[in-house]
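Colleague: I am new to this structure and would like to learn how to read it. Could we go through it feature by feature?

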Amino acid sequence: MVQDDALPWDRAWQQALYGKTGFYRRPEGPGGHFATSAQGIPQGTEMLAQVVVGLARRHGLQHVVDVGAGRGELAAEVARQEPHLRVTAVDVVPRPGSLPAEVAWQVSPGGSALPAGLAGLTGSLVLAHEWLDVVPCPVVQRDQHGVWRVVAVGRSGNERLTHEPDEEQQHWLHRWSTDHVLRAEIGTPRDRAWTDLCSRVDQGLVVAVDYGHTAGGRPTEGTLTAYRQGRQVRPVPDGSCDLTAHVAVDSLAAGTPGSRLRRQGDLLDDVLGPADAVPHGLARTEPTAYLHRLAQQAARRVLSAPGGLGDFWWVQLPRGATVGP
Ligand SMILES: C[S@@+](CC[C@H](N)C(=O)[O-])C[C@H]1O[C@@H](n2cnc3c(N)ncnc32)[C@H](O)[C@@H]1O
């Protein structure tokens, strides 16, 4: 049964993640519930930070801004690896006590909204790592006649189909969805959030990293799902779990001409160079270094695994004049 408190998914989602007692306001942070390339994978933070530092160097940038920074895990590692870089982390909670002093912190409203102070950036590499997948968006589903309907959800997670999508939503579906798709997340809030983020940078490089899809491979049943304490669970908008859906990255890139789409595996090869085998002889001469190299090799495999993190999309938009490709 659907309760009377049922709301369109985008509103319920916003409330569940960023309301007063929303999931992302909890003290444990995202790291308490799931691992990403930025935290929770042994040597993963170090490797992703190497890529960020490598991109900043390549483009001659002096400031790294991590939007949707969790508790600043990646930002702290970037600052550790390259002390000459200015580093700013942005998320919805007050500055975490554990964050090193050299990392600046900005508090953001959450979801598609960004802080007013994040503006006019120059010489900046702005990274949004797994931000857009948690920007709430409308969920729609075809009814028995094949007509798109907005899906509403109650606090217990029960759903019902409601009215037809509005004109803008219909337009997005017409442009970016296909006949075989039965359920979808409409990308307009993500497209707008990405365009807004890009507009905050006058000169530099803006990068969104996320799991996503393009027109050729749009999932037929949508991708909305949830995570709690390391487990994938049924999506329920009660603040007890993360709510996430893959990003339509082609729609995103179309709104910011000049954007480049790449898979994470290719990007790692490009910025870090080919993954070299670890020489066995090192085990005898420098056992600690050998173990470290093995751990790095394992992290590289995880971060570039086809069918896994290696398929993540990197959407990159240069702004103003930058050096490097
Ligand atoms: C999926 S987690 C990713 C955390 C981290 N980047 C990582 O990859 O481990 C998404 C993060 O984005 C944050 N977030 C959501 N909307 C935001 C916004 N408008 N501005 C800043 N952070 C936001 C959430 O609070 C959460 O910490």
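**Strand pairs and what they build**

Modeller: Start with a single residue pair: Val140 has Val150 in β7 as its bridge partner. Keep in mind that this is a predicted model.

Colleague: How many bridges join β6 to β7, and in which sense do the strands run?

Modeller: Strand β7 covers residues 148-153, and three bridges join it to β6, with the two running antiparallel. Between the strands of this hairpin lie five residues, and Gly146 takes a positive phi near 85°.

Colleague: Which strand other than β7 should I look at beside β6, and how does it pair?

Modeller: Look at β9 (residues 183-185), which pairs with β6 (residues 139-142) in the antiparallel sense over three bridges. There, Val139 has Glu185 of β9 as its bridge partner.

Colleague: How do I read a whole sheet, and in what order do the seven strands stand?

Modeller: A general idea first: along a regular strand, side chains alternate between the two faces of the sheet. Here the seven strands form an open sheet with mixed pairing, in the order β4-β3-β2-β5-β10-β17-β16. The edges are β4 (103-107) and β16 (260-263); each has a single partner strand, so one side of each is left without a neighbour in the sheet. From one strand to the next, the twist averages 20°.

Colleague: How many bridges does the pair β10 and β17 have?

Modeller: Seven bridges link β10 (residues 204-210) and β17 (residues 313-319), in the antiparallel sense. One of the partnerships is Asp210 with Trp313 of β17.

Colleague: Which strands does α5 touch where it packs on the sheet?

Modeller: Helix α5 (residues 188-199) touches β2, β5, β10 and β17, and its direction makes about 155° with that of β10. Helix α3 lies across β2 (63-67), β3 (86-91), β4 and β5 (124-129), and runs at about 180° to β3.

Colleague: At what angle do the axes of α2 and α3 cross?

Modeller: The axes of α2 (residues 44-58) and α3 (residues 73-81) cross at roughly 65° and come within 9 Å. The crossing is right-handed. Residues making the contact include Leu48, Val52 and Val53 of α2 and Leu74 and Val78 of α3. By class, the contact has six nonpolar, three polar and three charged residues.

Colleague: What is the order of the strands in the three-stranded sheet?

Modeller: The order is β13-β12-β14, in an open sheet with antiparallel pairing. Because β13 (231-233) and β14 (242-244) stand at the edges with a single partner strand each, one side of each is left without a neighbour in the sheet. Neighbouring strands are turned by 35° against each other on average, direction ignored. Three bridges join β12 (residues 225-228) to β13, and Arg228 stands opposite Arg231.

Colleague: How is the protein divided into domains?

Modeller: Domain 1 takes 1-29 + 138-186 + 216-241, and domain 2 takes 35-135 + 187-211 + 246-325. Their C-alpha centres lie 27 Å apart. The contact takes 14 residues from domain 1 and 13 residues from domain 2. On the domain 1 side, α1 (9-18) and α4 (167-176) each supply at least two residues.

Colleague: Last, how many residues surround the ligand, and which are the closest?

Modeller: There are 21 residues around the ligand, and the closest are Tyr24, Ala38, Gly68, Gly70 and Ser108. The shell divides into eleven nonpolar, eight polar and two charged residues.

Note on methods
Residues are numbered from 1 along each chain as its sequence is written. This is a predicted model: local features need pLDDT of at least 70, side-chain atom pairs count only at pLDDT 80 or more; totals for chains, interfaces and linings use all residues. Axes are lines fitted to C-alpha atoms, for helices over the stretch in contact, and angles run from 0 to 180 degrees between N-to-C directions. Helices (H or I, at least four residues) and strands (E, at least two) are DSSP runs, numbered from the N terminus. A crossing is left-handed if the near helix is turned anticlockwise from the far one by less than a right angle, and right-handed if clockwise. Two residues are in contact if their C-beta atoms, placed from the backbone, lie within 7 Å. Ala, Val, Leu, Ile, Met, Phe, Trp, Tyr, Cys and Pro count as nonpolar, Asp, Glu, Lys and Arg as charged, and the others, Gly among them, as polar. A residue is near a molecule or strand if its C-beta atom, placed from the backbone, lies within 6 Å of it. Domain bounds come from an automatic or database domain assignment. Two strands pair if DSSP finds at least two bridges between them.
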